[in-house]
Amino acid sequence: MLTLYHAPVSRSSRLVQLVHELGVADRVDIRIVSVDENAPASARSPHPEGKVPFLVHDGVEIRESNAIILYLCDLFPEAGLGPQVGDRDRGRFLSWLAWYGNVVEPVIVTGAAGLSHPLLDLTFRGMPDISARLAEALADAPYLMGERYTAADLLLVSPFAWFADALPDDPNVRDWFARCMDRPALKQVAEADARHKAKAA
Ligand SMILES: N[C@@H](CCC(=O)N[C@@H](CS)C(=O)NCC(=O)O)C(=O)O
């Protein structure tokens, strides 16, 4: 049994999108939880830090968006949203997922917080390098892995939906952003999230 703990309009929205993109919405129990620390414990995510997304598969707990994405893409390979072991593209796919967590989120979050320090630049580089990596990948292809949309696109596009000002000023990157934002599964999740928010208000 698969249970995904989700708080509407949060980092877990992209995991709900993935469930729809994979075509397995009927196989995943999506439980709406609160990440408000004042909410009663029974309404909060069972994640050890109270966060979302959080996936539980037959009692096995999986944390962190990129780990959950990889786990689901491996569990449901038929959808072709992530190259599998043995595929030459697997390494590139894993690199995008890890780069997101190890570099992109820290750079975008520290930038939004107005923080700067030489050690941050040394460790993570910064937006110019992120822009260059994306522009390079998208110069000759519509998606990060080439001709096909994959979960790497789903993940890497997500911070720019929150921080539109951070979107690189490159026409191919902007076209990629528009293509990824136009996914029916993304619209479906946005509508469902808005309904939950309205009900909770
Ligand atoms: N690196 C984690 C971040 C998860 C995260 O911080 N989620 C936020 C929601 S956007 C959360 O649950 N915040 C509540 C809290 O920190 O207690 C991931 O990508 O899964």
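Hi everyone. Reading from the N terminus, the elements of this protein run β-α-β-β-β-α-α-α-α-α-α-α. That order is made up of eight helices and four strands. Please keep in mind as we go that this is a predicted model.

Let me start with overall dimensions. The radius of gyration is 17 Å, and the globule rule gives 17 Å for 201 residues, so the protein is as compact as a globular protein of that length. If you lay the C-alpha trace along its principal axes, it spans about 45 × 40 × 30 Å. Of the 201 residues, 29% are buried. As for the contacts with a separation of 6 or more, 64% of them link residues 24 or more positions apart.

Now to the inside. Which residues touch the most other members of the largest nonpolar core? They are Leu18, Ile69, Ala151 and Ala152, in a core of 42 residues. Helix α6, residues 151–162, supplies the largest share of this core, with seven residues. The core also draws on two domains, taking at least three residues from each: domain 1, which is 2–80 + 185–200, and domain 2, which is 90–183.

Ala152 is a nice one to click on in the viewer. Setting aside its neighbours within four places in sequence, you will find Ala152 in contact with Phe93, Trp96, Leu97, Leu144 and Met145.

Next, Leu18, which takes us to helix α1, residues 13–21. Is this helix mostly covered or mostly open? Mostly covered: eight of its nine residues are buried. The buried ones are Ser13, Arg14, Leu15, Val16, Gln17, Leu18, Val19 and Glu21, so you can tick them off along the helix as you look. And what covers them? The cover includes two strands, β1 (2–6) and β2 (28–32), along with the helices α2 (65–75), α6 and α8 (184–200). You will remember α6 as the helix that gives the core its largest share. After α1 comes Gly23, with a positive phi near 70 degrees.

Last stop, the ligand. Which residues surround it? Going up in number, they are Ser10, Arg11, Val35, Gly50, Lys51, Val52, Pro53, Glu64 and Ser65. By character, this shell divides into three nonpolar, three polar and three charged residues. One of the shell residues, Ser65, also belongs to α2 (65–75), part of the cover over α1.

That's my tour. Thanks for listening, and I'm happy to take questions.

Terms used. Residues are numbered from 1 along each chain as its sequence is written. This is a predicted model: local features need pLDDT of at least 70, side-chain atom pairs count only at pLDDT 80 or more; totals for chains, interfaces and linings use all residues. A residue is near a molecule or strand if its C-beta atom, placed from the backbone, lies within 6 Å of it. Ala, Val, Leu, Ile, Met, Phe, Trp, Tyr, Cys and Pro count as nonpolar, Asp, Glu, Lys and Arg as charged, and the others, Gly among them, as polar. A nonpolar core is a set of buried Ala, Val, Leu, Ile, Met, Phe, Trp, Tyr and Cys residues joined through C-beta atoms within 7 Å. A residue is buried if 20 or more other C-beta atoms lie within 10 Å of its own, exposed if 12 or fewer, and partly exposed in between; C-beta atoms are placed from the backbone. Domain bounds come from an automatic or database domain assignment. Two residues are in contact if their C-beta atoms, placed from the backbone, lie within 7 Å. The radius of gyration is taken over C-alpha atoms; the globule rule is 2.2 Å times the number of residues to the power 0.38.
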